[in-house]
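Got a structure in front of you and not sure where to start? Let's walk through this one together, a piece at a time.

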Amino acid sequence: MTPLPLNQQLLNACAALLLLLSFAMLSQRRIVSLVNLFAVQGAVIAATTLLVAWRTGETHLYFSAALTLALKVAFLPWLLHRLIRRLEVRWDTEPLLDISGTMLAGIVIVVFAFGLAEPITHLASTSMRNAIGIAVAVVLLAFLMMITRRKAMSQVIGFLSMENGLFFGAMSATYGMPMIVELGVALDVLVAVLVLGVFFFQIREQFDSLDLHHLERLGERR
Amino acid sequence: MIGLSFLLGIPAAGAIALAFCGARRGAPEINAAFSFGTFVAACAVTLRVIGHGPQLLWSGQFFIDAFNVFLVALTAFVGLTTSLFSRPYMRVEVAHGRLTPGRLRLYHSMYQLFMLTMLSALTTNNMGLLWVAMEGATLSTVLLVTLYRTPQSLEAGWKYFILCGVGIAQALFGTILLYFAAEKVLGAQGVAALEWTRLNAVKSQLEPTVLALAFVFLLVGYGTKVGLAPLHSWLPDAHAEGPTPISAVLSGLLLNVALYAVVRCKVLVEGSLHSALPSRMLMGFGLLSVVLAALLLFRQRDIKRLFAYSSIEHMGLATFAFGLSGPVATFAALLHMTVHSLTKSSIFFTVGHAAQKAGSQLMDDIRGLITISPTIGWGLMLGALAILGLPPFGVFASEFLILTTAMRQQPWSIPILLLALGIAFAAIFGRVQSMVFGETQARRLPHAPALLPVFAHLAIVLVLGLYIPPYLAEWYRAAAHLIGGP
Amino acid sequence: MRPAAYISQSLEIAVALAAAPLFLGWVNQCRAWLANRSAPSVLLPYRNIRKLFHKDAVLAENASALFRIAPYVVFGTMVVAAGIIPSLSGRLPLVAAADAIALVGLFGTARVFLSLAAMDVGTAFGTLGARREMMVGFLAEPALLMVIFVASLISATTALPAISAHLAGARLVIDPSLAFTAVAFTLVLLAENARIPVDNPATHLELTMIHEAMLLEYSARHLALMEWAAALRLFNYACIGFALFVPWGIAAGNVGPLGLTLAIPILALKLAVAGAGLALIETLSAKLRIMRAPEFLATAFLFAVLGLLVHVLLGGP
């Protein structure tokens with residue numbers, strides 16, 4: 001095994017850290033910590049983007065790193081914290097499955113994700129192609145988190161984390177999507193969170209809580 | 001081209017203008033005026049494409065060919081008629097106290113924004129921007145679904161947002177994979193590597209394994225928005241709980257545009273794979289949706305949910321027809337998309353009025369429409385007959401074409417399809433009949449509601465059933481050729 | 001050549017036997033300092049053991065032979081384990097007989113005997129302790145195995161000295177999989193040695209104790225052996241940690257007496273740092289409810305598996 005260059009080691013470490021963060025989010029009970037973990041995830045992705053930009057010299061990646069930093073590390077966590085304060089939803093979240101079970105499911109999902117990413121990894125020519133599997137795993141783990149959580153806020157964070165995973169996947173497979181698409185996606189994410197903010201207030205006005213089991217009445221019986 | 005700038009510029013301007021004056025007295029008229037402007041622009045674009053063939057505009061960022069131009073025209077037309085319908089309808093809602101002026105402003109502004117996202121999704125040449133526009137369509141309608149702020153509408157809105165959000169995230173991954181495969185062939189060209197026209201030119205060189213994987217994700221993603229089973233569960237809720245004009249445009253337009261996205265992807269993937277996998281998947285999902293929707297139709301008690309399930313069924317049928325591939329089936333699918341869109345929106349118009357009069361969406365509470373108002377009664381009856389595929393209407397023609405093609409290519413599917421259509425017929429016809437002709441104590445309405453859009457739609461559907469004008473037929477044929485191959 | 005190997009082997013075992021109680025004493029002293037208590041002597045464990053050896057053993061009436069044999073078996077396995085962990089030198093003849101996976105087996109054997117002996121007398125506490133010990137063990141063992149798998153995958157061998165030599169020879173790289181396994185290993189170490197988040201070695205509080213509950217029926221020389229074995233286990237775990245994660249300073253195969261003598265102060269330094277770190281972790285964390293222990297160990301297992309997965313994925317060229 002020839003030693004990898006330092007840059008590559010750092011990228012690998014970031015990828016591994018992202019995977020770890022996904023599991024941390026999966027097992028995190030408190031909403032406030034969840035938002036912080038989401039911010040850290042954004043920061044790791046921004047750092048990775050910077051490293052890749054520095055290594056490949058692709059200027060648009062600097063912009064997308066700045067965009068990630070502004071949107072996912074600064075603005076969205078700030079907005080979510082603000083929402084949490086305004087809505088007074090600082091109480092704990094409770095996962096549906098017990099944590100050990102969720103973790104085991106998570107491990108199975110990671111193995112599945114690695115299998116799924118295998119053909120892409122073989123074809124990719126980027127220096128981070130090994131991280132594609134991790135990106136897929138992050139997406140699927142966020143999906144798992146959305147399934148296991150009952151609180152509106154944690155589902156939203158799951159949704160955002162899924163988007164983070166996709167962004168990371170795009171970067172590891174192709175050094176990022178074209179700038180205009182990335183801008184569009186960022187705009188959509190931003191609008192989505194704003195719309196959800198409005199939505200939270202509507203839900204709370206109606207039910208006095210953000211617990212989603214209130215939202216299970218509409219079924220086939222009507 | 002100037003037409004395209006108007007096509008996208010008018011709804012954008014409308015969204016901004018109505019964000020300021022959407023609560024004024026004349027706002028519904030302004031909304032209709034903007035929709036009319038969009039329709040005129042769409043007609044201009046259409047004439048241009050008919051005259052000059054496919055157009056690649058604005059340094060290749062927008063692309064209009066026979067396939068999407070007819071959807072553009074359809075979208076603009078249904079957008080116009082729906083805005084005409086919503087004019088008196090929303091006034092009554094405000095008068096009933098279900099809406100505040102602020103929410104009316106939101107409604108008008110978002111309506112135009114929704115049209116903008118639909119039209120940009122249709123006309124963009126960039127698969128990435130297509131995704132952005134599709135997500136934008138969800139975001140602009142999610143607050144419209146919750147417009148009444150009832151617990152049920154909030155639930156429906158949440159489900160709509162989360163399910164479509166997750167679905168659309170899968171589509172983003174599919175798009176990333178597409179870009180990944182394209183970059184291998186086209187080289188690092190940035191935005192150009194996601195242009196559909198370029199991808200289409202080199203589709204046979206794209207890496208098949210990656211594209212197969214991409215198609216799975218794209219189909220699941222956009223398929224969620226088409227309402228394909230098993231990811232359909234947002235659709236009935238969103239249709240039932242939102243205001244009726246929104247149900248009409250969701251059913252008549254959004255589903256079409258999502259299916260359009262799926263078909264665009266299918267063309268690329270099929271060119272790369274040289275196998276029947278994409279077609280099989282479309283057929284499978286389509287058939288599943290048809291069967292599931294038909295079975296669930298019987299259990300519905302809410303009239304808007306009933307017709308929402310009928311939408312799932314018809315979109316399933318169109319998806320199935322695209323899966324059959326070949327020009328005839330594709331022709332039938334395009335025709336089916338058109339007539340379904342027109343018929344279903346006209347049904348929602350009448351249903352909206354009927355429910356508004358009855359003060360309830362439960363079918364048991366709606367009785368004797370023919371006595372209350374013959375126009376509503378006949379409108380609903382004719383609309384139901386049209387959507388059920390009875391002969392002179394266009395749905396009959398398209399379903400007949402789909403069934404005969406399926407008979408030749410996939411005979412095993414015929415019994416399933418016939419059974420599902422039969423079940424759907426029984427479920428819908430029985431309900432509609434009792435709603436239209438049942439006994440009622442309600443008084444006759446003093447004046448007939450303005451149902452011009454309903455009869456305009458039904459008239460077009462009728463004409464399409466009897467006779468397809470040659471230029472329209474030519475147009476469909478060109479589109480079918482484009483998608484289904486020679 | 002061969003005598004030299006045997007010398008280093010015996011020296012290794014001797015050092016382990018001698019240093020284990022000292023290491024335990026050091027950890028206790030650090031904990032006392034951190035808790036702002038006046039610290040007991042570092043030599044307290046020695047005095048304790050000596051005192052116990054001078055007492056007369058008392059056995060429960062219904063104790064079987066198993067109860068009497070168990071301390072010797074447990075102590076013996078720990079000594080053998082000390083023999084195959086490269087703490088001072090990589091040249092250990094015993095390694096030919098047992099590799100890293102057998103090492104996990106040795107720990108397992110000790111656990112089984114300990115638990116059986118605890119249940120042998122039939123008191124409630126013994127059974128309770130044995131049950132809890134097994135609960136901890138069934139999660140900790142796979143986690144430890146995973147840790148060893150990762151290290152074996154990296155160095156393509158299961159013999160501990162070879163693993164350690166390989167890792168020491170590699171250039172200093174940021175390896176996320178090793179980082180994850182290091183975390184996992186630390187968690188396993190805490191759980192297996194009855195340290196604080198899982199068990200508290202300093203109390204006899206019935207609700208929480210695991211390891212102490214199993215020793216309640218033992219006295220005199222049996223208890224002394226058990227305590228010594230516990231100290232050895234902690235020492236062994238620390239040495240496994242050094243071999244995997246800080247392998248520098250362990251004398252390689254062909255180094256003479258000078259290398260060996262140099263390895264002793266390095267080991268002492270590592271032990272001092274590790275003991276202080278261990279005491280710090282214990283002081284900073286709170287004892288978990290016993291029901292949360294599986295969660296703690298599941299985390300360890302998760303870290304180990306993540307290490308494995310990350311290695312498989314990112315380790316490729």
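We'll begin with confidence, move on to how the chains meet, and then look inside chains B and C.

First, keep in mind that this is a predicted model. How sure is the predictor about chain A? The average pLDDT of chain A is 79, and 86% of its residues score at least 70. That average hides some variation between elements. Helix α2 of chain A (residues 31-56) has the highest mean pLDDT among the elements of this chain, at 88, while helix α7 of chain A (residues 179-207) has the lowest, at 77. Why bother with such scores? Where pLDDT is low, the predicted coordinates should not be read in detail.

Now for the chains and their neighbours. Two pairs of chains are in contact, and of these it is chains A and B that share the most contacts. On this interface, 41 residues of chain B meet 36 residues of chain A. If you look at the chain B side, the elements that give two or more residues are α5 (127-145), α6 (151-186) and α8 (208-226) of chain B. Which of them gives the most? That would be α6(B), with 19 residues. Sorting this side of chain B by class, you get 22 nonpolar, eight polar and 11 charged residues.

Next, swing over to where chain A touches chain C. Here 20 residues of chain A are in contact with 16 residues of chain C. On the chain A side, two or more residues come from each of α1 (6-27), α4 (99-123) and α5 (132-148) of chain A. Helix α1(A) gives the most to this side, with nine residues. How does this side divide by class? It has 15 nonpolar and five polar residues, and no charged ones. And what about chains B and C? No contact joins them, and their closest C-alpha atoms lie 19 Å apart.

Let's go inside chain B. Its domain assignment gives domain 1 (1-125), domain 2 (141-273) and domain 3 (276-486). The centres of domain 2 and domain 3 of chain B, taken over C-alpha atoms, are 23 Å apart. These two domains touch: 28 residues of domain 2 of chain B are in contact with 30 residues of domain 3 of chain B. On the domain 2 side, α8, α9 (234-241) and α10 (244-273) of chain B each supply at least two residues. The element that gives the most there is α10(B), with 15 residues. By class, this side of domain 2 of chain B divides into 17 nonpolar, nine polar and two charged residues. You may have spotted a familiar name: α8 of chain B is listed here, and it is also listed on the side of chain B that touches chain A.

While you're in chain B, find a pair of packed helices. Two packed helices are described by the angle between their axes and the distance between the axes. For helix α13 (residues 327-358) and helix α15 (residues 374-387) of chain B, the angle is about 150 degrees and the axes are 9 Å apart. Their crossing is left-handed. Which residues do the meeting? From α13(B), they include B:Ile347, B:Val351 and B:Ala354, and from α15(B), they include B:Ile376, B:Leu380 and B:Ala384. The residues of this contact divide into eight nonpolar, six polar and one charged.

Loops are worth a visit too. B:Arg149 sits in the loop between α5 and α6 of chain B. Although B:Arg149 is not a glycine, it has a positive phi of about 60 degrees. This residue counts as partly exposed because 16 other C-beta atoms lie within 10 Å.

Chain C has a similar stop: C:Asn36, in the loop between α1 (2-34) and α2 (44-53) of chain C. Phi of C:Asn36 is near 65 degrees, a positive value in a residue other than glycine. Is C:Asn36 buried or exposed? It is exposed, because it has 6 other C-beta atoms within 10 Å.

Our last stop is C:Leu34, which lies in helix α1 of chain C. C:Leu34 has 15 other C-beta atoms within 10 Å, so it is partly exposed. Which residues does C:Leu34 contact, leaving aside its neighbours within four places in sequence? They are C:Ala279, C:Leu280 and C:Thr283. The C-alpha atoms of C:Leu34 and C:Gly275 are separated by 12 Å, and these two residues are 241 residues apart along the chain.

Notes:
Residues are numbered from 1 along each chain as its sequence is written. Chains are lettered from A and ligands numbered from 1 in the order in which they are written. This is a predicted model: local features need pLDDT of at least 70, side-chain atom pairs count only at pLDDT 80 or more; totals for chains, interfaces and linings use all residues. Two residues are in contact if their C-beta atoms, placed from the backbone, lie within 7 Å. Helices (H or I, at least four residues) and strands (E, at least two) are DSSP runs, numbered from the N terminus. Ala, Val, Leu, Ile, Met, Phe, Trp, Tyr, Cys and Pro count as nonpolar, Asp, Glu, Lys and Arg as charged, and the others, Gly among them, as polar. Axes are lines fitted to C-alpha atoms, for helices over the stretch in contact, and angles run from 0 to 180 degrees between N-to-C directions. A crossing is left-handed if the near helix is turned anticlockwise from the far one by less than a right angle, and right-handed if clockwise. Domain bounds come from an automatic or database domain assignment. pLDDT is the predictor's confidence in each residue, from 0 to 100. A residue is buried if 20 or more other C-beta atoms lie within 10 Å of its own, exposed if 12 or fewer, and partly exposed in between; C-beta atoms are placed from the backbone.
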